[in-house]
Amino acid sequence: MLGTLVTALSRLRPAPPRLRRTAPLFLVAAIVAVLILPAPQSRAATPEAGLECEVSASNSFSLTAAGGYISTPDGNSIFMWSFGNSGGVFQLPGPTLCVESGAKVTVALHNALPEPTSIIFPGQPQVLAGGQPAQPENDATGNLTSLTTTAAPNGGSTTYTFTAGAPGTYLYQSGTDVQKQQQMGLFGALVVRPKGHPDQENERADSLFDPAREYLYMLSEVDPDAHLAVERGRGYDWTKYKARYFMINGRSMPDTIAPNRAAWLPNQPYGSLIHIRPYDAATNPRSALIRYLNAGVTSYPFHPHGSDEQLIARDGHPAQGPAGQDLSYSNFLIDVAPGQTVDTLMTWRDSEHWDPVTNPIPVQLPQLQDQVVGPGTETWFSENPYLGYTGGQLPPGVVQNNQCGEYYHVAHSHALEQSTNYGASFGGMMTLIRIDPPVGCPAP
Amino acid sequence: MNLSIRRGPMLYRTTVVLLTLLFAAAVIGRLATGASARDPYRVPQDGQMESTLGVRFTQAALVGDDGLVEISYVVLDTQRASRFQNDVQHPPVLRNERTGKTAWRAALMKQGHELRPGQTYYILYLNNQNAIKRGDKLEIGTTARKLAHVPVR
């Protein structure tokens, strides 16, 4: 084959000498560029757990609204609409766009759906569409059809531009036929970072967090009957709306604790496992940051077991008084309202310092069947109550049963129907908080 | 790199063709790193086991940053599957075929008695001392039979 190509080339008219000298160099440079250069719009290296940002040196993003399928842990497949990176695969939710406060942001929307759609950016002032102020749209009879300028169906596009507002967490979502299109999955997150302080949630110094421990929880729900109706081009009686699946980042438990970009979830790239270590003033002084967003139509009373969280901002506004006084507060329950965003800092402290020698805790071994079927204090029991303890004397017949003596805490919606997969527990809006020993967990 | 001058036109053309092919391979390789390029995942099936237990195992995966092993199964026969699920004294044991290590402590599995045929359920195991690693193959041992060569993803 190579010989054929060479022979064919030899019949062509010779290239000019200058081109003959530079062509090989150009090809080598092109190969190197393909291998090492990132795309103009790219995401940071994918962590196995934690926030995955879509970034752009020019703060320009290109999104395509399209249909595709997601899977649920009970084996169902659901037709969704979502915003995905143009030229990329379908994904739910839309990519998390990360920009700096004050940046000029451009979002080009391409519409592959059979009806008009749009993007609204709550919390971002003076959004332009096609260079003009974004405007609501009405039909011929004057009824409002869209909260903002749309992209025409089947290939239309429009470009939104705005200056990123105050640091914080924001939704971006469809502003057109909102009840239907948001339920179908047309939403994503916009993270605005304080300029020059990527390790702070906002301009306040006390919003400092560990950038390696940043998490985002996009909470949503799905009524599969509504989605089936849209897939088949039928109408749907929204008074019959009944959500059956409840999701964090487009996944339900146990998919929530699968890695980011797990092979078996090709259209649901974002996991929601929190993976941290105990607070230590010298070796682990910074908190984890968790960004909650509600893209659904009801409140999701989210409760992390084992540690309350410090609410530091809501809807892009820091929890502070008029004089800048700190008004953040500790929360047992992060009750995120529809359309709202809540940011919390989480610090897990080993308060009791249980130790098998100096501070033992009596442990009654539960029956095996209790451990299997739960729920109760025995769920997640690992045979050893001591964080990071994998050796030493254990009760007769008992061995260490987890990776490195780590703890697991459940975090889930306290509206327990929302912690099911179509009624089957455990599932839905549930994930885990994994706490490793202070020295970390050695690589296997 | 001035091949046309030193070594003649044939070497030059061959080099250009090779570099062009390399360029094409680099582009294809870059594009192929997406989700669509992954290998198909298959779990062996055992009709006798499925007939006895009323379930078909469909996946073994490491989750929880490798601290947990997820075993998924689809219910084929509600009555038999109920017996399988409620035999809490004998949850399946996962044996790593490469190392012989086992994961046997179930951390979480379905509650309640309602099992729907065709629906997928799961059991989470504690991955004790890294018994199971991604890319390994498992033997899922039940009271009825053993299902070998289940790949871990």
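**Exercise 1. Find what share of chain A is buried, and describe the make-up of the chain.**

Solution. Buried residues account for 42% of the 444 residues in chain A. This is a predicted model. Next, take the secondary structure: chain A has five helices and 25 strands. Then take the contacts. Among those in chain A between residues at least 6 apart in sequence, 68% join residues at least 24 apart.

**Exercise 2. Decide how far the coordinates of chain A can be read.**

Solution. Start with the whole chain. The mean pLDDT of chain A is 89, and 85% of its residues reach 70 or more. Now look for a weak stretch. Over residues 372-378 of chain A, pLDDT stays under 50. The model has 13 contacts beyond four places in sequence for this stretch. Where pLDDT is low, predicted coordinates should not be read in detail.

**Exercise 3. Determine whether Asn138(A) is buried or exposed, and place the residue in the chain.**

Solution. Locate the residue first. Asn138(A) lies in strand β9 of chain A, residues 137-138. Count its surroundings next. Asn138(A) has 11 other C-beta atoms within 10 Å. A residue is exposed if that count is 12 or fewer, so Asn138(A) is exposed. Now list its contacts, leaving out residues up to four places away in sequence: Asn138(A) touches Asn143(A), Leu144(A) and Thr145(A). Finally, check a distance. Gly94(A) is 44 residues from Asn138(A) along the chain, and their C-alpha atoms are separated by 26 Å.

**Exercise 4. Explain why strand β25 of chain A is described as largely enclosed.**

Solution. Step one is the count. Strand β25 of chain A covers residues 430-435, and six of its six residues are buried, so the strand is largely enclosed by the rest of the structure.

Step two is the direction of the residues. In a regular strand, side chains alternate between the two faces of the sheet. In β25(A), Met430(A), Leu432(A) and Arg434(A) point one way. Thr431(A), Ile433(A) and Ile435(A) point the other way.

Step three is the neighbours. Strand β16 of chain A, residues 274-276, runs parallel to β25(A) and is joined to it by three bridges. Here His275(A) stands opposite Arg434(A). Strand β24 of chain A, residues 407-413, runs antiparallel to β25(A), with six bridges between them. There His409(A) stands opposite Ile433(A).

**Exercise 5. Trace the elements of chain B and find the edges of its four-stranded sheet.**

Solution. Count first: chain B has four helices and eight strands. From the N terminus on, they run α-α-α-β-β-α-β-β-β-β-β-β. Of the 153 residues of chain B, 35% are buried.

Now order the sheet. Four strands of chain B form an open sheet, β4-β3-β7-β8, with antiparallel pairing. β4 (102-103) and β8 (146-151) of chain B each have a single partner strand, so they stand at the edges, and one side of each is left without a neighbour in the sheet.

Check one pair. Four bridges join β7 of chain B, residues 137-141, to β8(B). Within this pair, Ile140(B) has Leu147(B) as its bridge partner.

**Exercise 6. Identify the residues with the most contacts inside the largest nonpolar core.**

Solution. The largest nonpolar core has 119 residues. Those with the most contacts inside it are Leu219(A), Tyr292(A), Val69(B), Ile71(B) and Tyr125(B). Follow one of them. Beyond four places in sequence, Val69(B) touches several residues, including Ala60(B), Leu62(B), Leu94(B) and Tyr125(B).

Terms used. Residues are numbered from 1 along each chain as its sequence is written. Chains are lettered from A and ligands numbered from 1 in the order in which they are written. This is a predicted model: local features need pLDDT of at least 70, side-chain atom pairs count only at pLDDT 80 or more; totals for chains, interfaces and linings use all residues. pLDDT is the predictor's confidence in each residue, from 0 to 100. Two residues are in contact if their C-beta atoms, placed from the backbone, lie within 7 Å. Helices (H or I, at least four residues) and strands (E, at least two) are DSSP runs, numbered from the N terminus. A residue is buried if 20 or more other C-beta atoms lie within 10 Å of its own, exposed if 12 or fewer, and partly exposed in between; C-beta atoms are placed from the backbone. Two strands pair if DSSP finds at least two bridges between them. A nonpolar core is a set of buried Ala, Val, Leu, Ile, Met, Phe, Trp, Tyr and Cys residues joined through C-beta atoms within 7 Å.
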